[in-house]
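Me: Please take a close look at one part of this model and set it against the chain as a whole. I would like the description in connected prose.

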Amino acid sequence: MSKHVIDRLSPYLDGALGAADLEQVEAHLEACVSCRRAYQELQTLQGLVRALPDPEPSPGFTDRLHWRLQREGAAPRRPAPLGWFSVRPPFRVALVCAAVLVVLGLPAAWMADRFAPQKAPLDTDAYVREYLLLSVDRPLGDEAAPAFVLSDTPASESPRP
Ligand SMILES: [Zn+2]
């Protein structure tokens with residue numbers, strides 16, 4: 001016996017099968033009891049569905065529908081909600097780049113800081129002590145003074161040999 005044809009029973013019932021499939025299904029239905037029973041159930045179901053009355057809209061449905069359509073047609077268009085697809089492509093690319101930088105950059109910065117050689121915090125007392133030791137024989141602010149030789153006589157009146 002050929003393969004069961006249950007998956008092709010619905011298109012067979014709708015007359016949607018090609019000639020080759022149609023022959024196979026018909027031959028199989030003559031030989032296979034279980035597929036024939038499934039086909040009969042499908043036929044019964046289809047008949048029951050077709051026998052159902054068409055649904056009737058509630059009274060005034062058409063008027064309400066027309067009124068609503070007119071109202072929505074007259075209403076000003078609302079701007080699209082702010083979403084990913086309202087962002088223009090160049091800004092989308094920039095947003096993605098920024099997100100990647102944040103996602104990758106923050107952990108990288110944290111790791112770099114974590115594994116960097118630890119610098120000793122500035123010891124202000126030691127700094128001031130060293131500054132005072134180095135500048136003890138210089139008057140305060142001497143570093144900024146222009147380097148020229150002070151003399152009582154101007155250069156033009158220098159003593160001639
Ligand atoms: Zn079968």
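Reply: Two residues count as in contact if their C-beta atoms, placed from the backbone, lie within 7 Å. The model is predicted, and the part taken here is the surroundings of Val 5. Leaving aside neighbours within four places in sequence, Val 5 is in contact with Gln 24, Val 25, His 28 and Cys 35. Val 5 also belongs to the largest nonpolar core, which has five residues. Besides Val 5, that core holds Leu 9, Val 25, Cys 35 and Tyr 39. In soluble globular proteins, nonpolar side chains tend to be buried together.

As for the whole chain, buried residues make up 4% of its 161 residues. The chain has six helices and zero strands. Of its contacts with a separation of 6 or more, 48% are between residues 24 or more positions apart.

Helix 5, residues 89–115, offers another view: the count of buried residues among its 27 residues is zero. From first C-alpha to last, helix 5 reaches 38 Å, close to the expected 39 Å. Helix 5 nevertheless bends by about 30 degrees at Gly 105, and Pro 107 follows within four residues.

Note on methods:
Residues numbered from 1 in each chain as written. Predicted model: local features only at pLDDT ≥ 70, side-chain atom pairs only at ≥ 80, totals over all residues. Helix = DSSP H or I, 4+ residues; strand = E, 2+ residues; numbered from the N terminus. Expected span 1.5 Å × (residues − 1). Bend = angle between axes of the 7 residues up to and from the residue. Buried ≥ 20, exposed ≤ 12 C-beta atoms within 10 Å, placed from the backbone. Core = buried A, V, L, I, M, F, W, Y, C linked by C-beta atoms within 7 Å.
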